[in-house]
Amino acid sequence: MKKILLAGIVLAAAFMQPGMAQGKTVSPQLSPLLSLYYNIKDALVSGNAGVAAAKADEFVRAAAGVDMSSMPPAVHDAYMPLAAKLQGGAKAIAEAKNISKQREQFKTFSDNFYQLAKAVPLSGQPVYQEYCPMKKAYWLSSSNAIKNPYFGSQMLTCGKVSDTIQ
């Protein structure tokens, strides 16, 4: 009797694992946007307004080219209300050639991107939401090491990890 029960538990676990793994499948349509987001953040960290504008422009073009018809319904439903906000935020960063204005725009852009990252798996690696108490603003990072995009070299390591998205 114990062997039958144990065999049933093993079989149930084996059949449940693939279903769980499918729930964490990274979105191939949207994961490139995360890489572009990181590029914008890194340009702001280094204080390079020209690169930040160029990467933000790249983000706008990539977001406009996302094939929403090939998305699973849950991914589509999560992305649709954020698509225009994300494109608008990136466009504002691209158009603002001044690093201070870009950093201001990055705050809302990051808040919207966090909503997407919470709703849709964008990476096989953890995504860290980090917080700057001086700016009262968040950003996303691929590393838990703080590199503050709001102050760059002035306060490079000011902040803390506030959430980890697995």
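Both faces of strand 1 are covered, with Val127, Gln129 and Tyr131 buried on one side and Tyr128, Glu130 and Cys132 buried on the other. Buried here stands for under 20% relative accessible area, exposed for over 50%, and partly exposed for what lies in between, with a 1.4 Å probe and protein chains only. Strand 1 is thus described as mostly covered, six of its six residues being buried. The model is a predicted one, in which local features need pLDDT of at least 70 and side-chain atom pairs count only at pLDDT 80 or more, while totals for chains, interfaces and linings use all residues. Residues are numbered from 1 along each chain as its sequence is written, and side-chain values use heavy atoms, leaving out hydrogens and water.

Strand 1 belongs to an open sheet of three strands, ordered 2-1-3 and paired antiparallel; helices (H or I, at least four residues) and strands (E, at least two) are DSSP runs numbered from the N terminus, and two strands pair if DSSP finds at least two bridges between them. Strand 2 (137–141) and strand 3 (160–165) stand at the edges with a single partner strand each, so one side of each is left without a neighbour in the sheet. From one strand to the next, the twist averages 25 degrees. Strand 1 (residues 127–132) is joined to strand 2 by five bridges, and five bridges also join strand 1 to strand 3. Glu130 stands opposite Trp139 in strand 2 and has Val161 as its bridge partner in strand 3. Cys132, in turn, stands opposite Ala137 in strand 2.

The hairpin of strand 1 and strand 2 has four residues between the strands. Most residues other than glycine have a negative phi. Lys136, in the loop between these strands, has a positive phi of about 55 degrees although it is not a glycine. Lys136 counts as exposed, at 57% relative accessibility.

Two helices lie across the sheet strands. Helix 2 lies across strand 1 and strand 2, at about 120 degrees to strand 2, and helix 5 lies across strand 1, strand 2 and strand 3, at about 55 degrees to strand 2. These angles run from 0 to 180 degrees between N-to-C directions, with axes fitted as lines to C-alpha atoms, for helices over the stretch in contact. Lys41, in helix 2, is buried with a relative accessible area of 6%. Beyond its neighbours within four places in sequence, Lys41 is in contact (heavy atoms within 4.5 Å) with Phe106, Trp139, Leu140, Ser141, Lys147 and Pro149.

Helix 3 (residues 49–64) has 16 residues. Its buried residues are Ala49, Ala52, Ala53, Ala56, Phe59, Val60 and Ala63. Seen down the axis of helix 3, these residues fall within an arc of 120 degrees, so they line one face of the helix; the arc is that of the directions from the helix axis to the C-beta atoms. They pack against helix 2 (31–46), helix 4 (73–95) and helix 5 (99–119).

Gln102, placed in helix 5, counts as buried at 0% relative accessibility. Leaving aside neighbours within four places in sequence, the contacts of Gln102 include Ala49, Ala52 and Ala53, along with Leu44 and Ile93. The side chain of Gln102 also reaches the backbone oxygen of Ile93 at 3.3 Å.

Methods
Expected span 1.5 Å × (residues − 1). Polar contact = N/O pair within 3.5 Å; in protein donor to acceptor, adjacent residues only side chain to side chain.
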